[in-house]
Amino acid sequence: MTLTALRSLGASLAVAAALLLQPGAPAHAETITVSIDNFTFTPTELKVKVGDTVTWTNHDDIPHALVSAGKFRSKTMDTDDSFSFTFAATGDYKYFCSLHPHMTGMIKVE
Amino acid sequence: MSHHDHHDEERGVSRRKVLECMTWAGTGVLWTISGGVPRSLGLVDAAKAAEKAAEPAGMTFLQISDSHVGFDKPANPNALGTLEEAIGKINAMPKKPSFMIHTGDISHLSKASEFDDADRIISQAKLDVHYVPGEHDFLDEELKFYKERYGKGTMGAGWYSFDAGGVHFVGLVNVVNLKAGGLGNLGTEQLEWLEGDLKGRSKSMPVVVFAHIPLWTVYPEWGWGTEDSAKALDYLKGFGSVTVLNGHIHQVMQKVEGNVTFHTARSTAFPQPAPGTAPSPGPMKVDASKLRSVLGIASVNFKMGDQPLAIIDTPLQG
C-alpha cells in the first residue's frame, strides 16, 4: 500500500471516528431492551448514549404503565405490549409504574 | 385447605406460611367482633355460613371486589363468567342483603366494553351498588369512564359518604396520583374532606370505610398499603366501631387494631399469592378445579345495640 493510500485510509478512519462520536448520529444509535417480569424492570438501571432508544416489553399477566415525571409516559401496556422512547438529552431518567409504584427503574443517558 | 397444604405446613411453620394458611382458612370462618376482640365461631362450611347469614337480625350488606372484567389470562380465562357466578350466589341468598359495595378493579383495562359487561352482570343482583375505583379503572386515556359511570355525586376522584341502617359508610379513593416507590395514596384534599365528614358525628355510630388498596400495611414490598392512611385512621379514633373493607390483594386477610377491624375480600376473577410467597404479586395460577375455592364474596352483618359484627367470606365453591 502506498503512503498516499495509507494517508487516505487514515483520513477516512478519522471521519468515521468523528461520525461515531457525533451525538445523536442515527447510524450508530442503538435500541436497548428492558424487560418487565414479575413486577420488576430488568435491568433496573441502564446506561445509554444520547440518541439511543429504549424499548420496554411487559411479560407479566398484569398491565403496567411507565411514567418518568415530565419526561415520558407510556400508554397502559398489557401482556406482551411494548413502549419505546428515544433519549435526546443526557441526564438521569427515573421512572416507575403508575399502577404499581413500588416498581422503579432508572435510565442514565450519557 | 387441602391436605397437601397441611403437609407442607408441618415441615415448619414460618410466619409466611401462617399468613398463607390464615388466608385460606378464611374460607367459611365466621367472625364476630365483641368489644374489639375478634372471636371465631369456628370453621363452618359455606352452606352453614349461608344459613347464619340467613338469620341476622340487623342489616346485611355485601362486598364484592376485583372483578377484573376483561382479564383472560391463564389464571382465569373467563373472569366475566366467575363474576356471573358470584352474582348467582348473591341471588341465591335466602335473605337479600340491603345493598352491595364494590371495592374496585371493576374492569381490567378500563375499556368501555369491560365496564358495559360488568354492569350487565352486576345489575342482575338488583341491588344498589356503591363503588370505589381500583387502579385498573383509571387506565383510559382521558380518565373519564369511571367518573362518568360511577362518580355521580362524588367528590374528587370519586370519594363520598352515606348513611344506611344506622351505619355511616365512607368510600375512599387511594389509587390516583401514586408516587414513585410509594404505596396507595389518599392525598391532602381527600383527607381534609374526611376530617370534615366525620366531625360532629356521634361516636356511637358504627363507621364502615371502604377503599380499593388496603388502608393498613399488609406488605409494602408489593405496594400493599396506603402511604397516608394513618391520618385517616386518626380521624376515626374515638368511634366505637370502625370496619375497614378493602380489595386489591385478592385474598382474605383480617386484622384488629383497637376499635378498628380491617378486612380484605377475595376477587371474583383470580387469586393472588400470600405476601412474600411468590416472586411477585401477579395472578396465581391454581388448578382449574380449585379456582372457585379462592374466589368469592363477603357479607357483613350489623346488629345494632350489642354491637357484634360478622363478616362471612363465601367462596364461589368449596
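In helix α4 of chain B, the buried residues are Ala79(B), Leu80(B), Thr82(B), Leu83(B), Ala86(B), Ile87(B), Lys89(B) and Ile90(B). The model in which they are found is a predicted one. An α-helix has 3.6 residues a turn, so residues three or four places apart point the same way. Helix α4(B) itself comprises 13 residues, from 79 to 91, and spans 19 Å between its first and last C-alpha, close to the 18 Å expected at 1.5 Å a residue.

A second helix of chain B, α5, covers residues 112-122 and packs against α4(B) at an angle of about 25°, the two axes being 9 Å apart. Angles under 35 degrees count as roughly parallel, and α4(B) and α5(B) are therefore described as roughly parallel to each other. The crossing of α4(B) past α5(B) is right-handed. On the α4(B) side, the residues that meet the partner helix are Leu80(B), Leu83(B), Glu84(B) and Ile87(B); on the α5(B) side they are Asp117(B), Ala118(B), Ile121(B) and Ile122(B). Of the α4(B) residues in this contact, Leu80(B), Leu83(B) and Ile87(B) are also listed as buried.

The strands of chain B may be considered next. Strand β12(B), residues 296-302, has seven of its seven residues buried, so it is largely enclosed by the rest of the structure. In a regular strand the side chains alternate between the two faces of the sheet. In β12(B), both faces are covered: one side carries Gly296(B), Ala298(B), Val300(B) and Phe302(B), the other Ile297(B), Ser299(B) and Asn301(B), all of them buried. Strand β3(B), residues 59-64, pairs with β12(B) in the antiparallel sense through five bridges. Within these two strands, Met59(B) lies opposite Phe302(B).

Chain B as a whole contains eight helices and 13 strands. Its length is 318 residues, of which 46% count as buried. Among contacts in chain B with a separation of 6 or more, 70% are between residues 24 or more positions apart.

Chain A offers a sheet to examine. Four of its strands form an open sheet with mixed pairing, in the order β2-β1-β4-β7. Strands β2 (40-42) and β7 (82-86) of chain A occupy the edges with a single partner strand each, so one side of each is left without a neighbour in the sheet. From one strand to the next, the twist averages 20°. Strand β1(A), residues 31-37, runs antiparallel to β2(A) and is joined to it by three bridges. Across this pair, Ser35(A) stands opposite Thr42(A) of β2(A).

Conventions
Residues are numbered from 1 along each chain as its sequence is written. Chains are lettered from A and ligands numbered from 1 in the order in which they are written. This is a predicted model: local features need pLDDT of at least 70, side-chain atom pairs count only at pLDDT 80 or more; totals for chains, interfaces and linings use all residues. Two strands pair if DSSP finds at least two bridges between them. Axes are lines fitted to C-alpha atoms, for helices over the stretch in contact, and angles run from 0 to 180 degrees between N-to-C directions. A residue is buried if 20 or more other C-beta atoms lie within 10 Å of its own, exposed if 12 or fewer, and partly exposed in between; C-beta atoms are placed from the backbone. The expected span of a helix is 1.5 Å times one less than its number of residues. Angles under 35 degrees count as roughly parallel, over 145 as roughly antiparallel, 65 to 115 as roughly perpendicular and the rest as oblique. A crossing is left-handed if the near helix is turned anticlockwise from the far one by less than a right angle, and right-handed if clockwise. Two residues are in contact if their C-beta atoms, placed from the backbone, lie within 7 Å.
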